[in-house]
Amino acid sequence: MKRMLTCGALMVLGLLVATFATAQERSKIVAVNYPLQYFAERLLGDAADVVFPVPADVDPSFWRPSIADISMIQSADLILLNGAAFATWIDRVSLPRSRLVNTSATLEDRFIATESITHSHGEGGEHSHEGLASYTWLDPTLAITQSEAIAKAATQRALAPPEEIATRLNTLRAELLALDQTAQSLLAGGTNVTLIATHPRYQYFGRRYGLEIASLEWEAGAAPNSEQLAELLDLKQQTGAEVLIWEADPPMAALRAVEELGMQNVVFPPLVHRPEGADLMNSYEDSVLALSTALAN
């Protein structure tokens, strides 16, 4: 009996050692936003730990990493960049060039130029948008290209068996194409109207589906003050817009104030962070459906 217990203990110990060794061998990938984290997780499964280090209450476009954050990022096997001037901190930090992957490098001729706007978000201080729209993933066809760039980099570095990456890429590509087709179908009736967004996040989305989207500069999910509501009313009168797109849930009083201006509210998270209780695919589809319903009323 004692010998059997000893053998059993050794087997358990062996399993623990093997499990620890496997965990140690997992690659580490850092992504500058949630969509890139999502795509990498879909492509690599359990072969890698994919980290998106930005706190949920911070805009990752203007996040300022700590020394510990920088050290962690520098140690990653891959660092996934969005490109299009997203995540300004990368220009101020020394990062290993051989491990950087600009997932939109082949999309530069499809970038949307914007006006340079200086303003602030919470405690982040003043900053300016860099003259490029950066939320590329809101066009699923561009998201496919970004996913392909991740798959190529992961395959070149042998972070997972190439056939597994290829199979997962085919599945992800098919799902993004289906999402795009759904959006095209649902939003086909919105091409002759103007929408207003509380923040300039939706340029690639608007271009993909033929939507005119005018933008304000409101804080995400914050209640607008009287001056901002007056600005909204003025823009509504200029454009004839009847739908306001929020990037985060505002207080009920804010929703009612917009309704009193004769507009409908639609919350459409731009997915820079993971939405609560959802993932990129189902959150995007839910938002498109809500927008389609509002346009039909």
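Here is a walk through this predicted model, from the whole chain down to a few helices and loops.

Start with the overall picture. The protein chain carries nine helices and 10 strands. It runs to 297 residues, and 45% of them count as buried. If you take contacts between residues at least 6 apart in sequence, 61% join residues at least 24 apart. As for the outside, the accessible surface comes to about 15000 Å², with 52% of that belonging to carbon and sulfur atoms.

Now go inside. The largest nonpolar core has 65 residues, and Phe39, Trp89, Leu138, Phe205, Tyr284 and Leu291 are the ones with the most contacts inside it. Helix H2 (residues 34-44) supplies the largest share of this core, seven residues. Phe205 is a handy place to look around from: leaving out residues up to four places away in sequence, Phe205 touches Leu138, Leu187, Leu211, Ile213, Phe268, Tyr284, Val288 and Leu291. Apart from this core lies another, of 13 residues, and Leu235, Ala241, Val258 and Met263 are among them.

H2 deserves a closer look. Nine of its 11 residues are buried, so the helix is largely enclosed by the rest of the structure. The buried set is Tyr34, Pro35, Leu36, Gln37, Tyr38, Phe39, Ala40, Leu43 and Leu44. What do these residues pack against? Their partners are strands E1 (27-31), E2 and E3 (78-81), along with helices H4 (140-156), H5 (162-186) and H9 (280-296). At the N-terminal end, Asn33 acts as the cap, with a side-chain oxygen 3.0 Å from the backbone nitrogen of Leu36. After H2 comes Gly45, which has a positive phi, near 55 degrees.

Helix H7 (residues 226-239) makes a good companion to H2. With 14 residues at 1.5 Å a residue, H7 should span 20 Å, and its end C-alpha atoms are indeed 20 Å apart. Leu232, Leu235 and Lys236 are buried in H7. Looking down the axis, you find the buried residues within an arc of 105 degrees, so they line one face of the helix. Ser226, Glu227, Gln237 and Gln238, on the other side of H7, are exposed. The buried residues of H7 pack against strands E7 (194-197), E8 (212-215) and E9 (243-246), and against helix H8 (252-260). Asn225 caps the N-terminal end of H7, placing a side-chain oxygen 3.1 Å from the backbone nitrogen of Glu227. Following H7 is Gly240, whose phi is positive too, near 80 degrees.

Two loops round off the tour. Ala223 sits in the loop between E8 and H7. Its C-alpha atom is 7.6 Å from that of Ala253, though the two residues are 30 apart along the chain. Not counting residues up to four places away in sequence, Ala223 touches Gln228, Pro251 and Ala254.

The other loop, between strand E2 (48-51) and helix H3 (67-74), holds Asp59. Why does Asp59 count as buried? Its relative accessibility is 16%, and buried means under 20%. A polar atom of the Asp59 side chain lies 2.9 Å from the backbone nitrogen of Ser61.

Technical notes
Residues are numbered from 1 along each chain as its sequence is written. This is a predicted model: local features need pLDDT of at least 70, side-chain atom pairs count only at pLDDT 80 or more; totals for chains, interfaces and linings use all residues. Side-chain values use heavy atoms; hydrogens and water are left out. Helices (H or I, at least four residues) and strands (E, at least two) are DSSP runs, numbered from the N terminus. Buried means under 20% relative accessible area, exposed over 50%, partly exposed in between (1.4 Å probe, protein chains only). Contact means heavy atoms within 4.5 Å. Accessible areas come from the Shrake-Rupley method with a 1.4 Å probe; for residues, only the protein chains shown count as cover. The expected span of a helix is 1.5 Å times one less than its number of residues. The arc is that of the directions from the helix axis to the C-beta atoms. A polar contact is a pair of N or O atoms within 3.5 Å; within protein, one must be able to donate a hydrogen and the other to accept it, and residues adjacent in sequence count only if both atoms are side-chain atoms. A nonpolar core is a set of buried Ala, Val, Leu, Ile, Met, Phe, Trp, Tyr and Cys residues joined through side-chain atoms within 4.5 Å.
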